[in-house]
Amino acid sequence: MTTMKAIVQDRYGSADALAIRDIDRPTAGDGEVLLQVHAAGLSRGTIHLMTGEPYLLRLGFGLRRPRNAVPGNDVAGTVVAVGPKVTRFAVGDEVFGIARGSLAEYAVAREDKLAHKPASLSFEQAAAMPVSGLTALRAIDAARVQAGQRVLVIGASGGVGTYATQLAVARGATVTGVASTAKIQLVRDLGAADALDYTHEDFAEGSRTFDIILDTGGMTPVDRLRRALTRTGTLAIVGGESDARWSPGMGRQLHAILLSPFVSQRLTMVTNKEHYSGLERLAALATDGAITSFMEQPYSLADAADAVRHLATGKARGKVVVSVLTARRNQADTSAPSERVD
């Protein structure tokens, strides 16, 4: 079997557990395609699956070590082989979406988790978009953002926050973004009408309220968030980090859902849905210029561990992306499969 270079993790731990190795190239099964990976995006989920924390995640992803040794989900690349029952893609198509083990030269993805890459986006910009963009789109839909509303985006400079801010602006909302001092200009560049530095300003101090709050990260208590809402406003909690090592930090989400029926405000939580219908909506928005990917200088595959370390510091502006470039990509890869797999 032909080999490829990939980032491999044989144990849970820090980024020190990541190593680049030569491993067997995967093959596409029913309803799957094989991609030559051009770029892979990183998200907070990458870190959780790397560390195996919260520990409850290990029930689904491997108790002692990751079940999938190659990390990464966000991907952009070119279809080099299609499996049986694939109808939406052909060899040579440029696509983006969700794949298994995208931190590699080749990765397998389900057909229903891919869409055609917008010509207006580079592979790196497209690889930054799937997980964070889909989550942001779900948040905007769940909150029912409309033109003329006042929207507060907490974590506006993060992966989900950068897309949520742009999507809310695209719907005609007046957006205020919350971020750290170093990222205030990025929030303005996203189209936000105002940017709050959380190290100096308290969005819940009471001088203004918002029709909608999109909390894309952090641990702000629900009661504090409600203070910044109008009487009939909507709070949508998107994930959120916590110090819990055993179970995911879902306390705020559960609190919001249980409280919502008893208050005039609408309190909800947002979960992601990985499906091409959402990816196609993001592609259309990108083609129209309504959204783009804000990211730092891409890392090479050999430096993927450093990319993960940087993301873990919380200092990244926008998305962190790995550009998967090798000498073989600069030549005709005569060994690459280029036919339907039967």
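Which residue follows helix 10, and what is the sign of its phi? Helix 10 is followed by G314, and the phi of G314 is positive, near 80°. That is one small detail of a predicted model, and the helix before it is a friendly place to begin a walk through the rest.

Let us stay with helix 10, which spans residues 304–313. Several of its residues are buried, namely A304, A305, A307, V308, H310 and L311. Two others give the helix a charged pair: the side chains of D306 and R309 meet in a salt bridge, with N and O 2.7 Å apart. Both residues belong to helix 10 and sit 3 residues apart, about one turn of the helix. D306 counts as partly exposed at 37% relative accessibility, and R309 is partly exposed too, with a relative accessible area of 34%. The pair also has a further partner, since salt bridges that share partners join D16, D306 and R309 into one network.

Now for the interior. In soluble globular proteins, nonpolar side chains tend to be buried together. In this model the largest nonpolar core has 43 residues, and the ones with the most contacts inside it are F96, M129, V145, V151 and L214. Helix 4 (residues 130–143) supplies the largest share of this core, 6 residues. Another core lies apart from it, with 31 residues, among them I47, A107, A307 and V324. A307 brings us back to helix 10, where A307 is one of the buried residues.

From the cores we can turn to a run of strands and helices. Strand 9, made of residues 174–179, is mostly covered, with 5 of its 6 residues buried. What lies beside strand 9? Strand 8 (residues 150–154) pairs with strand 9 in the parallel sense over 5 bridges. Within this pairing, I154 stands opposite V178 of strand 9. Strand 9 also pairs with strand 10 (residues 194–197), again in the parallel sense, over 4 bridges. Here T176 has D194 in strand 10 as its bridge partner.

Helices connect to this picture as well. Strand 8, helix 5 (residues 159–170) and strand 9 make a right-handed β-α-β unit. Strand 9 then takes part in another right-handed β-α-β unit, with helix 6 (residues 184–189) and strand 10.

Charged side chains tell another part of the story. Side chains of opposite charge can pair when their charged atoms come close. In this model the count comes to 15 salt bridges. One of them joins E32 and R100, with N and O 3.0 Å apart. E32 lies in strand 3 (residues 32–42) and R100 in the loop between strand 5 (94–98) and strand 6 (106–110), so this pair ties together parts that are 68 residues apart in sequence. What are the surroundings of E32, buried or exposed? E32 is buried, with a relative accessible area of 13%, whereas R100 counts as partly exposed at 45% relative accessibility.

A further salt bridge links R88 and E280, whose closest N and O atoms are 3.5 Å apart. R88 is in the loop between strand 4 (74–82) and strand 5, while E280 is in helix 9 (residues 276–287), so the pair ties together parts that are 192 residues apart in sequence. R88 is partly exposed, with a relative accessible area of 23%, and E280 is partly exposed as well, at 38%.

R88 has a ring to meet, too: R88 lies over the face of Y276, 3.8 Å from the ring centre. A similar arrangement involves R25, which lies over the face of Y106 at 3.9 Å from the ring centre. As for pairs of aromatic rings, the count comes to 0.

We began with a positive phi at a glycine, and we can close with two at other residues. K85 has a positive phi of about 75° although K85 is not a glycine. Its place is in the loop between strand 4 and strand 5, and K85 counts as exposed at 67% relative accessibility. R144 has a positive phi near 60°, again in a residue other than glycine. R144 lies in the loop between helix 4 and strand 8, and at 52% relative accessibility R144 counts as exposed.

Terms used. Residues numbered from 1 in each chain as written. Predicted model: local features only at pLDDT ≥ 70, side-chain atom pairs only at ≥ 80, totals over all residues. Heavy atoms only, no water. Phe/Tyr/Trp six-rings, centres within 6.5 Å; stacked < 30°, edge-to-face > 60°. Lys NZ or Arg CZ within 6 Å of the ring centre and 35° of its normal. Core = buried A, V, L, I, M, F, W, Y, C linked by side-chain atoms within 4.5 Å. Buried < 20%, exposed > 50% of the residue type's maximum accessible area, 1.4 Å probe, protein only. Pairing = 2+ DSSP bridges. Right-handed = clockwise from strand over helix to strand, strands pointing away. Salt bridge = Lys/Arg side-chain N within 4 Å of Asp/Glu carboxyl O.
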